[in-house]
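Here are some short exercises to help you find your way around a new structure. Try each task yourself before you read the solution.

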Amino acid sequence: MGKTTGFMEFQRTAAPYRDPALRIADFDEIYTDHDESRLAAQSARCMDCGVPFCQSQSTPDNRMSKAGCPIHNLIPEWNDLVYRNHWRDALDRLHATNNFPEFTGRVCPAPCEGSCVLGITDPPVTIKNIEMAIVDKGFARGWISAQPPLRRTNKSIAIVGSGPAGLAAAAQLNSQGHTVTVYERADRIGGLLMYGIPNMKLEKQRVVERRLSLMKDEGVRFVPNADIGDGSNGSHDVRELVAQNDAVLLATGATVPNDLAIPGRELKGIHFAMEYLTLNTKSLLDSNHADGNFINAANERVLVIGGGDTGTDCLGTAMRHGCKNLVNFELFPSHPPERRASNPWPEYPNIFRVDYGHEEAAKKFGADPRKFAISTTEFIDDGNGRVAGVKTLDISMETGSPQPIEGTEQVWEFDRVFLALGFRGPEHGVSAPLDIELDARSNYLADKGRYQTSVEGVFAAGDCRRGQSLVVWAINEGREAAREIDCFLMNSTMLVG
C-alpha cells in the first residue's frame, strides 16, 4: 500500500490547526486547508502490512473495541488511492463503509491510528487527516450528490433520535427503498452532531446541514420539535409510532449526565457541560449570539470539572467567550507520554495528549489548564446563592482507586463551573411506555448484532443501547441495526454493517 518504502522516507506530519491566537476569536472550524502534497506523502507511509489492524477489532464479542476502526473503514485501500492521486476512487471506498466521513474525519479520536502497524515502532499514518481530505474534496468537486433509491417498498420505519446512529440507520434503510421518518425533539436535526459538538469542531451549516440536505433529497423525512413519549404534555405517543410503522428504531443517545453530589451543588453558576454547549450553539446559529440566550463566560473565572472531548469543548467555548481565567480539573493522574506495558499495541494508546482547547488555553494564559489527580469536595457560596469557588483535595492512586490525601486541602475562586463528567444512560420517556427491558446500566436491553429490544419490531442502537461512546461507534451501530431491521422486514438483506 502506498509507496513501498514510504514509511522509511517520510516522517508523520499531521495537518495543523489554525493559529490558536486567531481561532479563539471566532467559532469557525479550527482546521486548515488540505495540503495535497503533504497528504500524498502521508498516505505513502501506509505499509503493505499484511493484516491491517487499523480496520479490525480485537475483542471477540465486538462490544468494546480496543483496536481499529469500528466501522471497518478500508483504510489501506483509500490511502493507496490517495497516494496514486485517484481521489474519486478513494471516495467510493470511503463511502463503502462510512455514511458520514465528513463527521468522523473531524471529530473521531482515530482508534485506527492507535492500531496502525507502523505505530509499533514509528508514529502512525495520519489516517484521520486523509479521510477528511477525501470527503471534503468529494464535496468540492461535486462528486457527492443525492442518490435516491430506484424503487420503494411498502415498509415504513420510524427512527427516534437524529444523532449519528439514527442518521446512519436512516441512510441505510432509505437506500433499500423503505420509507423512513426520523423524529427529533430539538428544533434542529442532528442530535449530538448539531448541539453536542461545538461549531469550531464540526461546522453546522456547511458540514452537518449539507449532509442532511442530501438525505432529504434522497427521501428521508425529518420531523424536528417532536418529543416522543407517553403522549402527555404535548409529546407524541411512542405506542402510536409502533402501531403505525413496520419497525421502530430507538437512537435517543445517552443524555442523562453524571452529577457531582457535594455540598453547594444547588448554587447558581454551576451547569452541566451539555447545557452550556447546546445553548451556545443554538444561540450562535439563531442569531450569532445577538439574542443573548446562552451561558456567557465572558470575563469570568471558569472551572471545567472533567476531561475528555466534552471537557475540552467547554474549554474551547469559554475561550471564545473571552473568559478571564480557565482551569480544568481531572480526577485521575495524567497519562504517561508513551504506552504503559498494560496498554500494548494495538489497543488505543492511553497517553498524554494536547487537544485544541488545551493548546488555546496555554497560548492565552501561558500554561496547560489541566490540574490532574484532584477531587472537588465542596462548592463555595458567595453569600447570595451563587458559586464563588470550590474546595479540593489531591488524590492518590496507590490503592488502585482514587483516595484523598489528607492535608492537601485548597480553596479556588471561580465565577462559573461546568460539569463534564460523562453520561449515565438514556432518558426513559420513550422506553417506559413500551415497557422495554433495561440492562444493569439503565440502557435499552438489546444484544449487539441483533439490536432487537424486548418489544417485537422495536430496535435500539447507539449510546442508548451501549452507553456513552464515540460518534464512529454510533455510526457502526446505526448501520448494523439497519441491516437487522431490513432483514426483519424483508427476510433477507443486502445491507452490510
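The exercises below go from the whole chain down to single residues of this predicted model.

**Exercise 1. Find out how compact the protein is for its 497 residues.**

Solution. Start with the inventory: the secondary structure comes to 17 helices and 18 strands. Next, compare two values: the radius of gyration is 23 Å, close to the 23 Å that the globule rule gives for 497 residues, so the protein is as compact as a globular protein of that length. To picture the extent, imagine a box of roughly 65 × 65 × 50 Å along the principal axes, which the C-alpha atoms fill. Finally, turn to the inside: 54% of the 497 residues count as buried.

**Exercise 2. Work out how the rings of Phe 352 and Phe 372 are arranged, and where the two residues sit.**

Solution. First take the distance: the ring centres lie 6.3 Å apart, and a pair needs centres within 6.5 Å. Then take the angle: the planes of Phe 352 and Phe 372 stand at 65°, so the pair is edge-to-face, as planes over 60 degrees apart count that way. Now locate the partners. Phe 352 belongs to the loop between strand 10 (325–329) and helix 15 (356–365), while Phe 372 belongs to the loop between strand 11 (370–371) and strand 12 (374–381), 20 residues apart. Last, check the surroundings: Phe 352 is partly exposed at 35% relative accessible area, and Phe 372 is partly exposed at 26%.

**Exercise 3. Decide how the rings of Trp 412 and Phe 414 are arranged, and whether the two residues are buried or exposed.**

Solution. The ring centres of Trp 412 and Phe 414 are 6.4 Å apart with planes at 10°, so this pair is stacked. Both Trp 412 and Phe 414 are buried. To complete the picture, add Phe 329, which forms one aromatic cluster with Trp 412 and Phe 414.

**Exercise 4. Look at the backbone: which bond is cis, and what is phi at Asn 299 and Ser 442?**

Solution. Begin with the peptide bond between Trp 345 and Pro 346, which is cis with omega about 10°. Pro 346 is in the loop between strand 10 and helix 15. Move on to Asn 299, whose phi is positive, near 60°, although the residue is not glycine. Asn 299 lies between helix 13 (273–287) and strand 9 (301–305), in a loop, and is exposed at 58% relative accessible area. Finish with Ser 442, another non-glycine residue, with a positive phi of about 75°. The loop between strand 17 (423–425) and strand 18 (458–460) holds Ser 442, which is partly exposed at 23% relative accessibility.

Terms used: Residues are numbered from 1 along each chain as its sequence is written. This is a predicted model: local features need pLDDT of at least 70, side-chain atom pairs count only at pLDDT 80 or more; totals for chains, interfaces and linings use all residues. Side-chain values use heavy atoms; hydrogens and water are left out. Helices (H or I, at least four residues) and strands (E, at least two) are DSSP runs, numbered from the N terminus. The radius of gyration is taken over C-alpha atoms; the globule rule is 2.2 Å times the number of residues to the power 0.38. Buried means under 20% relative accessible area, exposed over 50%, partly exposed in between (1.4 Å probe, protein chains only). Rings of Phe, Tyr and Trp (its six-membered ring) pair if their centres lie within 6.5 Å; planes under 30 degrees apart count as stacked, over 60 as edge-to-face and the rest as tilted.
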